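Grab a coffee and work through these short exercises. Each one sets a task and then walks through a solution.

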Amino acid sequence: MTSPTVTLYDTTLRDGTQGTGIAFSVEDKLRVAEKLDAFGIDYIEGGFPGSNPKDVEFFREAKRRTWAHARIAAFGATRRGRVKVEEDAQVKGLLDAETPVVTIVGKTWPFQVVDVLGVTLEENLAMIADTVRYLKAHGREVIYDAEHFFDSYREDPEYSLQTLRAASDSGADLLVPCDTNGGSLPEFVEQATREVIAALGRPLGIHTHNDCGLGVANALAAVRAGALQVQGTINGYGERVGNCNLVTVIPNLQLKMDMPVVGQLGRLRELSLFVDELANVPHDIRAPYVGSAAFTHKGGQHVHAVQKSSRAYEHIDPGLVGNRQSIVVSDLSGQSNVLAKAEELGFQLEKGAPEVSEILREVKRLENEGYEFEAAEASLSLLIQKILQHHTPLWELREYHTTFRRSGCHSCNTCEATVKLSINDSDEYTVAEGDGPVNALDAALRKALRSQYPAIDDVVLNDYKVRIIGGQLGTAARTRVLIVSTDGHDTWGTVGVSDNIIEASWLALVDSFEYKLLRNR
Ligand SMILES: [Zn+2]
């Protein structure tokens, strides 16, 4: 016997955009929808045509495209009180979206019906029934989201069930109780879901929010009780602390509960990063399954164990979700870390070889000075090359200096840098101006290198971060600079530490350029 399949309903483009700091252009929305479709999501809720002209445009464009797998849903609410459904503009907007699926939300909780909507409990039931019947008569698949269902069910189970019956008897294809305030616990969600399925004699979906950090747990609890659809968002975007995170739900269903929901689980991390990128949200390194720290090992003993058998400290094979194991070189590192990291960077070393101890000693010495290599693999790679004597210096620095000239008007302030180098026995002496000292040094160094190493122009500095590392009592604070660079194909991080911010920046800058030019060879 095969168990019924759980379907996935994504509301990143509607509920997700209600999250603080989340905004998508129409073009972004279409790209996200296409990615979700290719990944195997069953339903994609594109927006709320009644509240947002951008969403009307999305649906106009979505109608013209072909969707390989997903069904597109428009979201709205039941008709207003004391208005005929065919005269309700918001309901008309839902039909105008011309989507195969319409999802409507209706009120469940008596206090919300009376105090917030200002209608009687009977009128609310009629609003639900009329709207579902009307949309069904227009050939739509209708999903009914029961707002505040769990809070209401705790207080007044009888009326809560009546609202679902009103939708069910009018032909709704699926009923979805919502934990709108995100305040319920999994035991209750499971029990209520089981009771409602028994009372109505039909399966349900589940829509949860993460206010107690239980959005995913509550959705899984409902599935255990027989829910056949999970609604959520990519990366858990959503109002307040967010919605149920589909990126966590999907592997839990597929790998832990033996319920296959998508064919391309190996592209999960890619999907998560893609959506973050379009929403312009920094990637959460601690995101379950897909975060870059999810399979990262730092403690020396853990690294040793994980190298022997990944099961020691990994709950799944990271490749199943498109992630990978990563070894961090840190204060805690032993030889296993260095060997594993060196291998990851493309060096072959033997355990016990004198070079391994030397690398380890050097890493520890630099870490004591304030270096951190976790986001600066390019600097670490150069360090290993130097110790293995695989490194040929590309130039020799004679001197650099920077000046800052402050004048009467702010916009006339200038920074100037000069760089003196010798490259292959010829001397280069360059001067450049910039917005700040680092910018000026960057420009002067590029100028000096350009004739011999034209590839330097491919390097773009993407990010520049300065941290002040607290000094011990009686010692000066030091500065650590992290630079992230790219050449359009690869991205690499470098680090410099000094008492002086300009010198720290210079060290990180030089590593970045050297890393790129040496790799080009
Ligand atoms: Zn919601």
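How many bridges join β15 to strand β16? Before solving, note that this is a predicted model, where local features need pLDDT of at least 70, side-chain atom pairs count only at pLDDT 80 or more, and totals for chains, interfaces and linings use all residues. Numbering starts from 1 along each chain as its sequence is written, and side-chain values use heavy atoms, leaving out hydrogens and water.

**Exercise 1.** Place β15 among its partners.

*Solution.* Strands here are DSSP runs of E, at least two residues, and helices are H or I runs of at least four, numbered from the N terminus. Strands pair if DSSP finds at least two bridges between them. Start with β16 (residues 491-498): 8 bridges join it to β15, and the two run antiparallel. One of the bridges links threonine 479 to serine 498 in β16. Next, the connection: β15 and β16 make a hairpin with 4 residues between them, and glycine 488 in the turn has a positive phi of about 95°. Now turn to β14 (residues 460-469), which pairs with β15 in the antiparallel sense over 9 bridges. There, tyrosine 464 has isoleucine 483 of β15 as its bridge partner. Finally, 7 of the 9 residues of β15 (residues 478-486) are buried, meaning under 20% relative accessible area, with exposed over 50% and partly exposed in between (1.4 Å probe, protein chains only).

**Exercise 2.** Is phenylalanine 404 buried or exposed?

*Solution.* Locate phenylalanine 404 in strand β11 (residues 396-405). Its relative accessible area is 54%, so phenylalanine 404 counts as exposed.
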